Amino acid sequence: GLEIRQYDPTFYVSYEITRGVEIAAPCRAEIEKPDRAAADAYVQKELQSVPEDQFEVLEIGEQYADRISLTCEPSS
């Protein structure tokens with residue numbers, strides 16, 4: 001299988017897969033939406049590690065990325 005995730009590391013831009021994924025048989029694609037509550041909890045934890053008097057660019061985009069899983073049946 002193959003996993004694809006498109007995201008901006010800093011989450012400045014949010015990408016969402018809204019039209020599905022077209023792929024030829026014998027392969028198939030499944031889209032999994034992110035767990036927003038888990039992503040939000042991760043961000044809160046990361047924010048606690050940054051001192052208030054310091055600017056830090058957090059790379060949190062991966063936490064909010066849709067996940068595409070591609071799988072193909074073995075050829076005969």
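The following legends describe close-up views of a predicted model.

**View 1. The three-stranded sheet.** In this predicted model, three strands form an open sheet in the order β1-β3-β2, and their pairing is antiparallel. The edges are taken by β1 (2-4) and β2 (27-32), each of which has a single partner strand, so one side of each is left without a neighbour in the sheet. From one strand to the next, the twist averages 20 degrees. As a general point, the strands of a sheet pair through backbone hydrogen bonds, in either a parallel or an antiparallel arrangement.

**View 2. Bridge partners along β3.** The antiparallel pairing of β1 with β3 extends over three bridges, whereas six bridges join β2 to β3, again with the strands running antiparallel. On the β1 side, L2 stands opposite L70 of β3, and E3 stands opposite S69 of β3. On the β2 side, A29 has L70 in β3 as its bridge partner, and L70 can therefore be followed in this view as a residue that faces L2 as well as A29, given that β1 and β2 stand at the two edges of the sheet.

**View 3. The surroundings of D66.** D66 is placed in the loop between α1 (36-48) and β3 (67-72), and its relative accessibility of 5% lies under the 20% limit, which means that D66 counts as buried. A polar atom of the D66 side chain lies 2.8 Å from the backbone nitrogen of I17, and the side chain of D66 also makes a polar contact with the side chain of K33, at 3.0 Å. When residues up to four places away in sequence are left out, the residues that D66 touches are I4, R5, Q6, E16, I17, I31, E32, K33 and P34; both polar partners just described, I17 and K33, are found in this list.

**View 4. The stacked rings of F11 and Y64.** The model has one aromatic pair, formed by F11 and Y64, whose rings are stacked with 4.5 Å from centre to centre and 20 degrees between the planes. The pair links distant parts of the chain, since F11 belongs to the loop between β1 and β2 and Y64 to the loop between α1 and β3, 53 residues apart. With a relative accessible area of 27%, F11 is partly exposed, whereas Y64, at 9% relative accessibility, counts as buried.

**View 5. Y64 and the largest nonpolar core.** Six residues make up the largest nonpolar core, namely A39, V43, V50, L58, I60 and Y64. Apart from residues up to four places away in sequence, Y64 touches F11, P34, R36, A39, D40 and V43, and of these contacts A39 and V43 are also members of the core. In soluble globular proteins, nonpolar side chains tend to be buried together.

**View 6. Backbone features in the loop between β1 and β2.** This loop contains F11, for which phi is near 65 degrees, a positive value in a residue other than glycine. P26 also has its place in the loop between β1 and β2, and the peptide bond that leads from A25 to P26 is cis, with omega near 15 degrees.

Notes: Residues numbered from 1 in each chain as written. Predicted model: local features only at pLDDT ≥ 70, side-chain atom pairs only at ≥ 80, totals over all residues. Heavy atoms only, no water. Helix = DSSP H or I, 4+ residues; strand = E, 2+ residues; numbered from the N terminus. Buried < 20%, exposed > 50% of the residue type's maximum accessible area, 1.4 Å probe, protein only. Polar contact = N/O pair within 3.5 Å; in protein donor to acceptor, adjacent residues only side chain to side chain. Contact = heavy atoms within 4.5 Å. Pairing = 2+ DSSP bridges. Axes fitted to C-alpha atoms, helices over the stretch in contact; angles between N-to-C directions. Core = buried A, V, L, I, M, F, W, Y, C linked by side-chain atoms within 4.5 Å. Phe/Tyr/Trp six-rings, centres within 6.5 Å; stacked < 30°, edge-to-face > 60°.
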